[in-house]
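The following exercises concern the packing of helices in a predicted model. Each task is followed by a solution in steps.

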Amino acid sequence: MTTTEIKTNDRTTAPATTVRPNPATPRLNFAKTVPKVFRAVIGLDAAAREGLDPTLVELVQIRASHLNRCAYCLHMHTTDARKAGESEDRLHMVAVWQEADHFFTDRERAALALTDAVTRIGDAGVPDEVYARAAAHFDEEELAHLLALIFTINTWNRIALSTAKRAGTDER
């Protein structure tokens, strides 16, 4: 048994952690192959951001990218956040925001909790208390934009992971 396998009742189960191989050869260029679809996602992304604080936008995108293990998007959004003046301390704490709550405002924590729930929707849906907490900090239009932002970053993460985008290339 290797260190990444778990043994239960004398049966070997699936790996405890999934290692995502990074393909040696590039996969399709999504933007060039389906430009209409790509532009539609860009349009959704732009519309989702409207009226939201740019710092909050980056925090949400960083958190979803952590959860989805998307190195490409994580690198892109931490770089963008730094350029916008975000502190290194806060960037390092996004991954553990629940344990480092004093780094974030109540509004940011509500957005991060909603990001966690929507990104991991298959685990437990979006619990009423998480939704209510977000609704207490965002008016209805802001909340709809926040949800759209979370949907969009999850879409970008899936595009980047499926097409094997490499972190650090920031091809936009």
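**Exercise 1.** How are helix 4 and helix 9 oriented to each other?

*Solution.* Begin with the geometry: helix 4 covers residues 71–83, and its axis lies 8 Å from that of helix 9, at an angle of about 125°. Next, apply the cut-offs: roughly perpendicular ends at 115 degrees and roughly antiparallel requires over 145. Helix 4 and helix 9 are therefore oblique to each other. Then identify the residues that meet: helix 4 contributes Tyr 72, Cys 73 and His 77, while helix 9 contributes Ile 153, Trp 156, Asn 157 and Ala 160. Sorted by class, this contact comprises five nonpolar and two polar residues, with no charged ones.

**Exercise 2.** Determine which residues join helix 8 to helix 9, and describe the crossing.

*Solution.* Helix 8 spans residues 128–137 and helix 9 spans residues 140–162; their axes come within 8 Å and cross at roughly 125°. The two helices are therefore classed as oblique to each other. The crossing of helix 8 past helix 9 is right-handed. On the helix 8 side, the contact involves Tyr 131, Ala 134, Ala 135 and His 137; on the helix 9 side, it involves Glu 142, Leu 143 and Leu 147. Five nonpolar residues, one polar and one charged make up this contact between helix 8 and helix 9.

**Exercise 3.** Characterise the packing of helix 3 against helix 4.

*Solution.* First take the axes: those of helix 3 (residues 54–67) and helix 4 approach within 9 Å and cross at roughly 155°. Because angles over 145 degrees count as roughly antiparallel, helix 3 is roughly antiparallel to helix 4. The handedness of this crossing is left-handed. Helix 3 supplies Glu 58, Gln 61, Ile 62, Ser 65 and His 66, and helix 4 supplies Cys 73, Leu 74, His 77, Thr 78, Asp 80 and Ala 81. The classes here are four nonpolar, five polar and two charged residues.

**Exercise 4.** Compare the expected span of helix 9 with the distance between its end C-alpha atoms, and examine what borders the helix.

*Solution.* Helix 9 has 23 residues, so at 1.5 Å a residue a span of 33 Å is expected; the end C-alpha atoms are 33 Å apart, in agreement. At the N-terminal end, Asp 139 acts as a cap, with a side-chain oxygen 3.1 Å from the backbone nitrogen of Glu 141. Following helix 9 is Ala 164, which has a positive phi near 60°.

Definitions and conventions:
Residues are numbered from 1 along each chain as its sequence is written. This is a predicted model: local features need pLDDT of at least 70, side-chain atom pairs count only at pLDDT 80 or more; totals for chains, interfaces and linings use all residues. Side-chain values use heavy atoms; hydrogens and water are left out. Axes are lines fitted to C-alpha atoms, for helices over the stretch in contact, and angles run from 0 to 180 degrees between N-to-C directions. Helices (H or I, at least four residues) and strands (E, at least two) are DSSP runs, numbered from the N terminus. Angles under 35 degrees count as roughly parallel, over 145 as roughly antiparallel, 65 to 115 as roughly perpendicular and the rest as oblique. A crossing is left-handed if the near helix is turned anticlockwise from the far one by less than a right angle, and right-handed if clockwise. Contact means heavy atoms within 4.5 Å. Ala, Val, Leu, Ile, Met, Phe, Trp, Tyr, Cys and Pro count as nonpolar, Asp, Glu, Lys and Arg as charged, and the others, Gly among them, as polar. The expected span of a helix is 1.5 Å times one less than its number of residues. A polar contact is a pair of N or O atoms within 3.5 Å; within protein, one must be able to donate a hydrogen and the other to accept it, and residues adjacent in sequence count only if both atoms are side-chain atoms.
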